[in-house]
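Subject: Structure handover

Hi there,

As promised, I am passing the structure over to you. Please have a look at it first, and then read on for my notes.

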There are 2 protein chains.
Amino acid sequence: MTVPPLEAHLGYWLRFVSNQVSHAFGLKLADRGVTVAEWVVLRELHGAEALAPSALADRLELTRGAISKLAERLVAKALVARAAGEGDGRFQSLALTPAGRALVPELALLADRNDAEFFGHLSQGERAQVEAVMREILRRHGLKSIPMK
Amino acid sequence: MTVPPLEAHLGYWLRFVSNQVSHAFGLKLADRGVTVAEWVVLRELHGAEALAPSALADRLELTRGAISKLAERLVAKALVARAAGEGDGRFQSLALTPAGRALVPELALLADRNDAEFFGHLSQGERAQVEAVMREILRRHGLKSIPMK
DNA sequence: TATTGTTATACTCTATAACTATA
DNA sequence: TATAGTTATAGAGTATAACAATA
């Protein structure tokens with residue numbers, strides 16, 4: 001029986017490259033004391049006044065438990081502050097602290113730099129095509145909450 | 001200061017899609033009692049009589065410790081057998097058991113199916129282009145040991 | 001009862017470092 | 001001393017499930 005090699009699967013290549021890219025980014029972020037998952041939360045909070053943990057969980061497609069743990073770490077680092085939500089007492093509110101708000105643009109530069117390192121050699125067209133393919137895959141799989149802008 | 005959204009980075013899309021693809025594959029493999037990392041080791045061993053842990057570590061770009069742990073799990077599942085290497089007594093030899101050898105083609109079908117689910121809608125040309133982009137990135141970053149076939 | 005959030009637990013994946021055995 | 005391998009430890013990332021508070 002003929003077994004296709006690992007490299008026959010596009011999923012293999014994607015996983016390999018994605019791991020490299022994320023790992024390299026993680027090393028850059030580590031200098032600033034945050035992880036990739038934490039960066040994603042910080043960036044998401046930067047776009048809003050405040051968000052409830054459940055709203056974050058929805059947007060990032062993580063469980064509430066996972067968000068809770070990430071939030072705990074970010075609060076410990078004084079980058080995020082917790083507050084009681086208004087009205088319905090079950091809701092919490094997560095918002096960037098001034099330190100967190102100041103940090104996000106710096107981390108964004110690291111993200112830019114990392115992307116440039118791995119994808120900078122591609123033409124605009126190539127980048128757009130890869131992005132289009134990825135968006136289409138997510139769309140087909142009914143993945144919600146990706147801002148299609 | 002304007003901060004680019006997460007979606008401005010190709011690395012973000014890659015990570016998102018790659019995680020989805022790997023997770024879906026992981027669910028399929030879980031039915032057969034193996035993980036994605038274990039599958040990669042099994043597939044690698046399928047192409048050879050036997051391999052030393054250090055050879056596997058080189059090919060898969062993992063540490064010897066990581067390989068040791070994966071091998072331990074695969075041995076516990078009776079899919080891989082350990083033997084003493086010949087000559088130099090420091091070397092071990094890892095090889096598929098008959099059960100392991102029989103399982104690999106079945107897992108390969110799952111890999112085919114998973115790839116088809118996520119990438120089947122792409123044209124041959126699109127698939128080839130994405131793969132070419134990924135290979136080029138790995139090449140530029142001096143990543144060794146990817147069989148360029 | 002249903003929902004929000006936290007906490008406890010667990011597992012994969014991976015790394016680093018200490019250690020053993022062999023060379 | 002150098003190399004192959006194992007083991008111990010750790011931490012990120014994530015999930016599920018049990019639980020508390022609120023509705």
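Which helices of chain A and chain B each supply at least two residues of the surface near DNA strand C? In chain A they are helix 3 (53-60) and helix 4, and in chain B they are helix 2 and helix 4. Helices here are DSSP runs of H or I with at least four residues (strands are E runs of at least two), numbered from the N terminus, and a residue is near a strand if one of its heavy atoms lies within 4 Å of it.

Before the details, some ground rules: this is a predicted model, where local features need pLDDT of at least 70 and side-chain atom pairs count only at pLDDT 80 or more, while totals for chains, interfaces and linings use all residues. Residues are numbered from 1 along each chain as its sequence is written, chains are lettered from A and ligands numbered from 1 in the order in which they are written, and side-chain values use heavy atoms, with hydrogens and water left out.

Staying with DNA strand C, helix 4 of chain A gives the most to its surface, with 4 residues. There are 23 residues around this strand, and Ser54(A), Arg64(A), Arg82(A), Lys69(B) and Gly89(B) come nearest. Of the strand C atoms that come within 4 Å of the protein, 63% belong to sugar and phosphate. By class, the surface has 7 nonpolar, 8 polar and 8 charged residues; Ala, Val, Leu, Ile, Met, Phe, Trp, Tyr, Cys and Pro count as nonpolar, Asp, Glu, Lys and Arg as charged, and the others, Gly among them, as polar.

Phosphate oxygens of DNA strand C lie 2.7 Å from a polar side-chain atom of Thr35(B) and 3.1 Å from a backbone N or O atom of Gln92(A). A polar backbone atom of Thr63(B) is 3.2 Å from a phosphate oxygen of this strand.

Now for DNA strand D. It is surrounded by 23 residues, the closest being Lys69(A), Gly89(A), Ser54(B), Arg64(B) and Arg82(B). Here helix 4 of chain B provides the largest share of the surface, 4 residues. The side chain of Ser54(B) has an N or O atom 2.6 Å from a phosphate oxygen of strand D. A polar side-chain atom of Arg73(A) is 3.2 Å from a phosphate oxygen of this strand, and a polar backbone atom of Thr63(A) also lies 3.2 Å from one.

How do the two protein chains meet? The contact (heavy atoms within 4.5 Å) takes 55 residues from chain A and 54 residues from chain B. About 5500 Å² is buried between them, 73% of it on carbon and sulfur atoms; buried area is the accessible area (1.4 Å probe) that two parts lose on being put together, summed over both. In chain A, Leu6(A), Leu10(A) and Trp13(A) lose the most area to chain B, together 13% of what that side buries.

Finally, the rings. The whole structure holds 8 aromatic pairs over all chains. Rings of Phe, Tyr and Trp (its six-membered ring) pair if their centres lie within 6.5 Å, with planes under 30 degrees apart counted as stacked, over 60 as edge-to-face and the rest as tilted. Phe25(B) and Trp39(B) have ring centres 6.2 Å apart and planes at 85°, so the pair is edge-to-face.

Best wishes

Conventions. A polar contact is a pair of N or O atoms within 3.5 Å; within protein, one must be able to donate a hydrogen and the other to accept it, and residues adjacent in sequence count only if both atoms are side-chain atoms.
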